[in-house]
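Good morning, everyone, and thank you for making room for me today. I would like to walk slowly through one structure, so please keep the sequence and the picture in front of you while I talk.

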Amino acid sequence: MYETDNMLSVLEGFTLTNPDDVAQGMADDFRRRRVEKGLTREAVAKDSGVALANIARFELKGLISLKNLILLAMSLGYVSEIKNVFAKPKYSTMEELMQIRHNMGKTKAYNRRKNEKD
């Protein structure tokens, strides 16, 4: 059954394309981790400094500020996971990979000017 659960989680990662679905998925995961640790919303609110109402809104609707999300992640021990969201480059095509490699180390992005001879 573990392999089935693992496969379903992989497939689920490909189906969450709506921002609201992603947010709610994160909220569901947060609630699951909180409950697994035996923590009430009140205890997390006290530890994190995030208002109880904000935690409830996050768990129910997936709505939260970035700062509060970071505070909740820190409270449950997920600092490196949230800190490294954009740490590694992602690509889906070889062209994208080549573009990433070409731009590594740059600090600014510039618009490419396309040849308008068409």
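**From one arginine to the whole chain**

Let me begin with a single residue, Arg41, which is partly exposed, since its relative accessible area is 24%. Before I go further, please bear in mind that this is a predicted model, and that everything I say about Arg41 and the other residues is computed from that prediction.

What does the side chain of Arg41 meet in a salt bridge? The partner is Glu59, and the distance from N to O in this salt bridge is 2.7 Å. Arg41 belongs to helix H3, residues 41-48, while Glu59 belongs to helix H4, residues 52-61, so the pair ties together parts that are 18 residues apart in sequence. Is Glu59 buried or exposed? With a relative accessible area of 5%, Glu59 is buried, because buried means under 20%. Arg41, at 24%, therefore counts as partly exposed. In general, side chains of opposite charge can pair when their charged atoms come close. The pair of Arg41 and Glu59 also belongs to a network of salt bridges, in which Arg31 and Arg34 are linked with them.

How many salt bridges does a search of the whole structure find? The search finds five, and I would like to describe two others, which you can find in helix H2.

In one of these, the side chains of Asp29 and Arg32 meet with 2.7 Å from N to O. Both residues lie in helix H2, three residues apart, which is about one turn of the helix. Asp29 is partly exposed, with 36% relative accessibility, and Arg32 is partly exposed as well, with a relative accessible area of 42%.

In the other, the side chains of Arg33 and Glu36 meet in a salt bridge, with 2.8 Å from N to O. Here too the two residues lie in helix H2 and are three residues apart, about one turn of the helix. Arg33 is partly exposed, with a relative accessible area of 24%, whereas Glu36 is exposed, with a relative accessible area of 55%.

Let me now step back to the chain as a whole. There are seven helices and zero strands, and if you read along the sequence the pattern is α-α-α-α-α-α-α. Of the 118 residues in the chain, 18% are buried, and the accessible surface comes to about 10,200 Å², with 56% of that belonging to carbon and sulfur atoms. If we take the contacts in the chain with a separation of 6 or more, residues 24 or more positions apart account for 43% of them.

Helix H2 comes up again when we turn to the largest pocket, where about 810 Å³ of space lies. The elements that give two or more residues to the lining of this pocket are helix H2 (19-36), helix H5 (66-76) and helix H6 (79-83). Which of them gives the most? It is H2, with 10 residues. In total, 25 residues line the pocket, and those that lie nearest its centre are Gly25, Met26, Asp29, Glu81 and Val85, so that we meet Asp29 again, the residue whose side chain forms a salt bridge with Arg32. By class, the lining has 14 nonpolar, two polar and nine charged residues.

Another of the residues nearest the pocket centre is Met26, which lies in helix H2 and is partly exposed, with a relative accessible area of 41%. Not counting residues up to four places away in sequence, Met26 touches Phe58 and Leu69. Met26 and Phe58 are 32 residues apart in sequence, yet their C-alpha atoms are 9.1 Å apart in space.

I will finish with Leu71, which lies in helix H5 and is partly exposed, with a relative accessible area of 25%. Where should you look for its contacts, leaving aside neighbours within four places in sequence? Leu71 is in contact with Ser48 and Val50. For Leu71 and Val44, the separation is 27 residues in sequence and 9.7 Å in space, C-alpha to C-alpha.

Technical notes:
Residues are numbered from 1 along each chain as its sequence is written. This is a predicted model: local features need pLDDT of at least 70, side-chain atom pairs count only at pLDDT 80 or more; totals for chains, interfaces and linings use all residues. Side-chain values use heavy atoms; hydrogens and water are left out. Helices (H or I, at least four residues) and strands (E, at least two) are DSSP runs, numbered from the N terminus. Buried means under 20% relative accessible area, exposed over 50%, partly exposed in between (1.4 Å probe, protein chains only). Contact means heavy atoms within 4.5 Å. Accessible areas come from the Shrake-Rupley method with a 1.4 Å probe; for residues, only the protein chains shown count as cover. On a 1 Å grid over the protein atoms alone, a cavity is a set of points where a 1.4 Å probe fits but cannot get out, and a pocket is an open set with protein on both sides within 12 Å along at least five of seven lines; lining residues have an atom within 4 Å of a point. Grid points are joined across faces, edges and corners, and a volume is the space filled by probe spheres set on the points. Ala, Val, Leu, Ile, Met, Phe, Trp, Tyr, Cys and Pro count as nonpolar, Asp, Glu, Lys and Arg as charged, and the others, Gly among them, as polar. A salt bridge is a side-chain nitrogen of Lys or Arg within 4 Å of a carboxyl oxygen of Asp or Glu.
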